[in-house]
Amino acid sequence: MNDTQAALSYTSYLSLDELLDAQHPRSDEHDELLFIVIHQVYELWFKQVLHEALYLQEQLEAGNTAHAVRTLRRILTIFKVVVAQIDVLETMTPSQFTSFRARLDASSGFQSAQFRVLEAVLGRRDERVFAHYPEGGEQRAQIADAMSRPSLFDSFVTYLAVKEYDVPTGRDVTKPLEPSPALQEVLLRVYRDDTGPSVVAEHLVDLDEGMQEWRYRHVKMVERTIGDKTGTGGSSGAHYLRTTLFSPMFPDLWAVRSRL
């Protein structure tokens, strides 16, 4: 490093000046800062989960059980933190939220492109999500790209093939995951063999359950805060969120439970 370069510091390495200057409340209400910080932290965690999920797919497709399991454990731990953050948000009463809610204008959590990409990586294929993203926009393109690629579960099926299980082939990865009786027979064998692939399968069940827990806590938080009012940005709020509950991402892993 030459003399003209500033020494790296904690502040510069983490870009703290920019990070801590990224909160811009639109009112003088005390609780608006908390609302902003919580949602910015969510976006940071979504970024990290996406980073881990793409690495996880690479490890699965390479047949690397140890690295896949370690990565799944990290993702699961992050999900626990994400769910726990709702406890902090729920310290804000409905009246405290109402005090600045009008300042949010058309902004809404439904516009989180990173979460939509994460849903796509986990297997969601639903063009209705594009309603919040204009054609030709970068965020819409990112979501569409994620929907065109193999999902995490597709990578798991590839992993099983690498481990010499006779899995069904030819699935159109741009379509939603549907239960497959043929794949369920393979999964029964995976569980009966009780080796590395069964451990990966159980961690995927944990991930599916973690996502469902996030959705449940999210909808209850919204109900607690605004009841059945229309959500910010004109969304249907809690009503829509309820429709996302109890819909597993990996249906085959749940379907085999009663046969194990």
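When I say "helix" today, I mean a DSSP run of H or I that is at least four residues long, with the numbers counted from the N terminus. Okay, hi everyone. What you see on the screen is a predicted model, so please keep that in mind as we walk through it.

Let's start with helix 3, which covers residues 32–61. Val37 has its place in this helix, and Ile38 lies in helix 3 as well. Now, are these two buried or exposed? Val37 has a relative accessible area of 33%, so we call it partly exposed. Ile38 comes out at 7%, and because buried means under 20%, Ile38 counts as buried. Why pick these two? UniProt, in an unreviewed entry, lists both under "binding site", along with Phe35, Ile36, His39, Arg101 and Thr232.

There's another residue with that label. For "binding site", the unreviewed UniProt entry also lists His218. Where does His218 sit? You'll find it in helix 10, residues 196–226. Its relative accessible area is 23%, so His218 is partly exposed. And here's a nice bit of folding to look for on the screen: the C-alpha atoms of His218 and Val83 are 8.2 Å apart, although 135 residues separate them along the chain.

Next up, charges. How many salt bridges does the structure hold? There are 15. I'll show you a few of them.

Take Arg74 and Glu52. They form a salt bridge, with 3.0 Å between the closest N and O atoms. Arg74 is in helix 4, residues 65–89, and Glu52 is in helix 3, so this pair links distant parts of the chain, 22 residues apart. Glu52 has a relative accessibility of 5%, so it counts as buried.

Now go next door from His218, to Arg217. The side chains of Arg217 and Glu90 meet in a salt bridge, 3.4 Å from N to O. Arg217 lies in helix 10, while Glu90 lies in the loop between helix 4 and helix 5, so this pair ties together parts that are 127 residues apart in sequence. And how well covered are they? Both Arg217 and Glu90 are buried.

Helix 10 has another one for us. Glu202 pairs up with Arg257, and their closest N and O atoms are 2.8 Å apart. Glu202 is in helix 10 and Arg257 is in the segment after helix 12, which again links distant parts of the chain, 55 residues apart. At 30% relative accessibility, Glu202 counts as partly exposed, and Arg257, at 29%, counts as partly exposed too. Some salt bridges also share partners: Arg116, Glu119, Arg124, Asp126, Arg128 and Arg215 are joined into one network that way.

Two members of that network bring us to helix 6, residues 113–121. Eight of the nine residues in helix 6 are buried. Both Arg116 and Glu119 are among them, and the rest of the buried group is Ala113, Phe115, Val117, Leu118, Ala120 and Val121. Just after helix 6, have a look at Gly123, which takes a positive phi of about 120 degrees.

So, is there any empty space inside? Rolling a probe the size of a water molecule over the atoms shows where empty space is left. Here, the structure holds two cavities of 30 Å³ or more. The largest cavity has a volume of about 50 Å³. Which residues line it? Among them are Trp45, Phe46, Ile78, Phe79 and Trp214. Phe115 and Leu118, which we just met as buried residues of helix 6, are part of that lining too. Helix 3, helix 4 and helix 6 each supply at least two residues of the lining.

Last stop, the outside. Leu8, Tyr10, Tyr13 and Leu14 make a nonpolar surface patch of about 520 Å². Tyr10 is in helix 1, residues 10–13. Its relative accessibility is 62%, and since exposed means over 50%, Tyr10 counts as exposed.

If you want to find your way around later, try starting at His218 in helix 10, then find Glu202 in that helix, and finish at the lining of the largest cavity, where Trp214 is one of the residues. Thanks, everyone!

Technical notes: Residues are numbered from 1 along each chain as its sequence is written. This is a predicted model: local features need pLDDT of at least 70, side-chain atom pairs count only at pLDDT 80 or more; totals for chains, interfaces and linings use all residues. Side-chain values use heavy atoms; hydrogens and water are left out. UniProt positions are given in the numbering used here, feature names are shortened, and annotations may be inferred rather than shown by experiment. Buried means under 20% relative accessible area, exposed over 50%, partly exposed in between (1.4 Å probe, protein chains only). Patches are made of residues with over 30% relative accessible area and no salt bridge: like charges are joined within 9 Å, nonpolar side chains (Val, Leu, Ile, Met, Phe, Trp, Tyr) within 5 Å. Accessible areas come from the Shrake-Rupley method with a 1.4 Å probe; for residues, only the protein chains shown count as cover. A salt bridge is a side-chain nitrogen of Lys or Arg within 4 Å of a carboxyl oxygen of Asp or Glu. On a 1 Å grid over the protein atoms alone, a cavity is a set of points where a 1.4 Å probe fits but cannot get out, and a pocket is an open set with protein on both sides within 12 Å along at least five of seven lines; lining residues have an atom within 4 Å of a point. Grid points are joined across faces, edges and corners, and a volume is the space filled by probe spheres set on the points.
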